[in-house]
Amino acid sequence: MTSQIYSQKKFVPTPPEKGSFPLDHEGLCKKQFLLYASCLRKNAQDTSQCRQDAQNYLACRMDNNLMEKTEWSKLGFHDQSTKTDQKAPEVQEQ
């Protein structure tokens with residue numbers, strides 16, 4: 001039994017590529033997270049359908065210093081060069 005313990009390789013943890021990802025203990029971005037998670041459930045985990053919710057969640061994390069501010073293109077939002085929290089203009093009916 002003890003021979004198995006000594007023959008195992010020692011586990012060496014490696015840090016994440018982009019550093020730490022602090023938890024949101026105060027719930028600052030909980031609303032955005034829940035909207036994103038809900039979107040994923042509705043769309044059978046199809047992330048392409050939830051890109052705007054994902055971007056809003058990441059923007060909240062960046063705004064609250066829960067992650068490093070990064071260009072959108074580096075986060076996979078190549079079509080977004082700036083923060084797009086603005087909704088599309090609505091057409092007014094007369």
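Start by selecting Cys 39 and Cys 50, and show their side chains as sticks. In this predicted model, the two residues form a disulfide with sulfur atoms 2.1 Å apart. The torsion about their S-S bond is about -95°, so this disulfide is left-handed. Cys 39 sits in helix H2 and Cys 50 in the loop between H2 and H3, so the pair ties together parts that are 11 residues apart in sequence. Now switch on a surface: Cys 39 is buried at a relative accessible area of 10%, and Cys 50 is buried at 1%.

Next, select Cys 29 and Cys 60. Here is another disulfide, again with the sulfur atoms 2.1 Å apart. Its S-S torsion is -95°, and the link is left-handed. Which parts of the chain does this pair tie together? Cys 29 belongs to the loop between H1 and H2, while Cys 60 belongs to helix H3, so the bond joins parts that are 31 residues apart in sequence. Both cysteines are buried. With that, you have seen the 2 disulfides found in the whole structure. Counting bonded cysteines along the chain, their pattern is 1-4, 2-3.

Keep Cys 39 and Cys 50 on screen and add Tyr 36, Leu 40, Ala 54, Leu 58, Ala 59, Met 62, Met 67, Trp 72 and Phe 77. Together these make up the largest nonpolar core, which has 11 residues. Helices H2 (30–42) and H3 (51–63) each supply at least two of its residues, and the largest share, 4 residues, comes from H3. As background, nonpolar side chains tend to be buried together in soluble globular proteins.

Zoom in on Leu 58. Leaving aside residues up to four places away in sequence, Leu 58 touches Met 67, Trp 72, Leu 75 and Phe 77.

Move along helix H3 to Asp 63. Is this residue buried, partly exposed or exposed? Asp 63 has 42% relative accessibility, so it counts as partly exposed. Add Leu 28: its C-alpha atom is 9.9 Å from that of Asp 63, although the two residues are 35 apart along the chain.

Now highlight residues 29–62, which an unreviewed UniProt entry annotates as "domain: CHCH". This stretch is 74% helix and 0% strand, and its end C-alpha atoms are 10 Å apart.

Finally, colour the chain by pLDDT. The average is 79, and 69% of the residues score at least 70. Among the elements, H2 has the highest mean, 95, and H1 (residues 2–7) the lowest, 61. Over residues 81–94 pLDDT stays under 50, and the model has 9 contacts beyond four places in sequence for them.

Terms used: Residues numbered from 1 in each chain as written. Predicted model: local features only at pLDDT ≥ 70, side-chain atom pairs only at ≥ 80, totals over all residues. Heavy atoms only, no water. Core = buried A, V, L, I, M, F, W, Y, C linked by side-chain atoms within 4.5 Å. Buried < 20%, exposed > 50% of the residue type's maximum accessible area, 1.4 Å probe, protein only. Contact = heavy atoms within 4.5 Å. pLDDT = per-residue confidence, 0-100. UniProt positions renumbered as here; feature names shortened; annotations may be inferred. Disulfide = S-S within 2.5 Å.
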